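Hi everyone, thanks for making room for me today. I'd like to walk you through one structure, strand by strand and charge by charge. Let me put it on the screen.

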Amino acid sequence: MNKSDIVKSPIFLNRNRVGRIYTGGKLFAGFFGDEPVDGFLPEEWVCSSVEALNEGSDIENEGISTVRGTDILFSDLLTEYKEEMIGPRPDFPVLVKLLDSAIRLPIQAHPDREYSEKYLNSSYGKAESWIVVDTREDACLYFGFKDKMTKEEFKEAVAKSYDEPDYMQPLLNRVPVKKGDIYLVPAKMVHAIGAGCLILETQEPSDFTIQPEAWCAGNRISEHTMYLGLPADIALDVFNFDIFGEEAVRRAKKEPKVVYEKGGVKREALISYDDTPCFAVNRITVSDSKTDDLIAPAIYIVTEGEGEIICGEQKTAVKKGDYFFAPYSIKGNFSVASSSDIELVECLPAKE
């Protein structure tokens, strides 16, 4: 397959399961049609040009997507065909994942850009958003400290977690969730994905996580993984101790806003650039209709139903679980149609 032809149409990618220290993946059965089994590949990285930071892994290019039916790296297309892929933008700074947690993930926070530039040699932090796609029984998220917490008090809690693995969990707000819930997770905000959540996550393009709990489901987390190789005291500066209680949860929860609804087509803003300059997330629903109100460059994930993607004379059937990258070269020349119903999530890079 010729690379110069690939970048002139919607780019579909091979499945891209990524290893983590936690188990999950069973809920991928209802989304992708996988076997309903939990394991240590609980994440699917979508249209990814980011390499996973998995300590001790010898998997080459782990986390980076490849073009469907080939071994062509998505990251190579972004470099070699920049104009066709992203147009006049300097880069395409967004990473999309689907992740299913069978257990509570370690309590964590992610750096903002200033912290990343100072300590991690990167211009990107890791603000992120979550759309709850499916749940198991009693699914929940943990977001924000319950009560006011100082760095010194948090350091004491971290020390106690070595001997009491669940010591830190009660420090956070437990938030029950259901399918369709939307949350924005600002950089530096303490959080943890609870057991039983299949989440579509849009984030800045990094894999930076400070997770100072010593254990994850009975597995000891190395100091390097806990602190990204940084001194513990510096690593803990990534946590914002100023927002806590119900205020933290209130800030995180988002509601969809209808932008357009007519003739069987509805467009909703889920995360807007007013919420964060780091990315935007929209939802498009087409019912026995067609729309060309689509953006390129962008990442699209079919979250419900079925239909077809039309680009010039090319028509590609799609269904729930399919995803693709719309390169700049097809801007204004592609559409989605369905004789029944189809729902897509549209993920956009940082505001220029």
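Before we look at the sheet, one working definition: two strands pair if DSSP finds at least two bridges between them. And please keep in mind that this is a predicted model.

With that in hand, here is the sheet. Seven strands make an open sheet in the order β2-β3-β4-β10-β5-β8-β13, and the pairing is antiparallel. At the edges sit β2 and β13 (253–254), each of which pairs on one side only.

Let's start at the β2 end. Strand β2, residues 17–18, is joined to β3 by two bridges, and the two run antiparallel. Across that pairing, Arg17 stands opposite Glu44 of β3. Moving along, β3 is joined to strand β4, residues 95–101, by four bridges, again antiparallel. Here Val46 has Val96 of β4 as its bridge partner.

Now look at the side chains of β3 itself, residues 43–46. Which way do they point? Glu43 and Trp45 go one way, while Glu44 and Val46 go the other, and all of them are buried. Glu43 also turns up in a charged cluster: together with Arg20, Lys97, Glu201 and Asp207 it belongs to a network of salt bridges.

Further along the sheet, four bridges connect strand β5, residues 128–135, with strand β8, residues 182–185, in antiparallel fashion. If you want a place to zoom in, try Ile131, which stands opposite Ile182 of β8.

On to the salt bridges. How many are there? The count comes to 33, and I've picked three to show you.

The first one brings us back to Arg17. Its side chain meets that of Asp34 in a salt bridge, 3.0 Å from N to O. The pair links distant parts of the chain, since Asp34 sits in the loop between α2 (28–32) and β3 while Arg17 is in strand β2, 17 residues apart. Asp34 is buried, with a relative accessible area of 18%, whereas Arg17 is partly exposed at 29%.

Next, Glu80 and Lys3 form a salt bridge, with their closest N and O atoms 3.0 Å apart. Glu80 belongs to helix α3, residues 74–80, and Lys3 to helix α1, residues 3–6, so this pair ties together parts that are 77 residues apart in sequence. Glu80 counts as partly exposed at 45% relative accessibility, and Lys3 counts as partly exposed at 24%.

The third is between the side chains of Glu268 and Arg283, at 2.9 Å from N to O. Glu268 is in strand β15, residues 265–271, and Arg283 is in strand β16, so the pair ties together parts that are 15 residues apart in sequence. Buried or exposed? At 7% relative accessibility Glu268 counts as buried, and at 14% so does Arg283.

Since we've arrived at β16, let's see what it pairs with. Strand β16, residues 280–291, and β20 pair antiparallel over 11 bridges. Strand β17, residues 298–311, also pairs antiparallel with β20, over 10 bridges. You can see both pairings at Glu343 in β20: Thr285 is its bridge partner, and Glu304 stands opposite it too. As for β20 as a whole, residues 334–348, 11 of its 15 residues are buried, so this strand is largely enclosed by the rest of the structure.

Now for a charged residue without a salt bridge. Asp322 lies in the loop between β18 (314–319) and β19 (323–326). Asp322 is buried, and the nearest side chain of opposite charge, Lys319, is 4.1 Å away. For a salt bridge, the side-chain nitrogen has to be within 4 Å of a carboxyl oxygen, and Asp322 has no such bridge. The backbone of Lys319 does come in, though: its nitrogen lies 2.9 Å from a polar atom of the Asp322 side chain. Leaving out residues up to four places away in sequence, Asp322 touches Tyr300, Ile301, Val302 and Ala317.

Last stop, a helix. Which residues of α6, residues 151–161, are buried? They are Lys151, Phe154, Ala157, Val158 and Ser161. These cover an arc of only 115 degrees around the axis, which puts them on the same side of α6. What do they pack against? Their neighbours are β6 (140–145), β11 (215–216), α7 (223–227) and α8 (232–235).

That's my tour. Thanks for listening, and I'm happy to rotate the view for anyone.

Conventions
Residues numbered from 1 in each chain as written. Predicted model: local features only at pLDDT ≥ 70, side-chain atom pairs only at ≥ 80, totals over all residues. Heavy atoms only, no water. Buried < 20%, exposed > 50% of the residue type's maximum accessible area, 1.4 Å probe, protein only. Arc of directions from axis to C-beta. Contact = heavy atoms within 4.5 Å. Lys, Arg positive; Asp, Glu negative; His and termini not counted. Polar contact = N/O pair within 3.5 Å; in protein donor to acceptor, adjacent residues only side chain to side chain.
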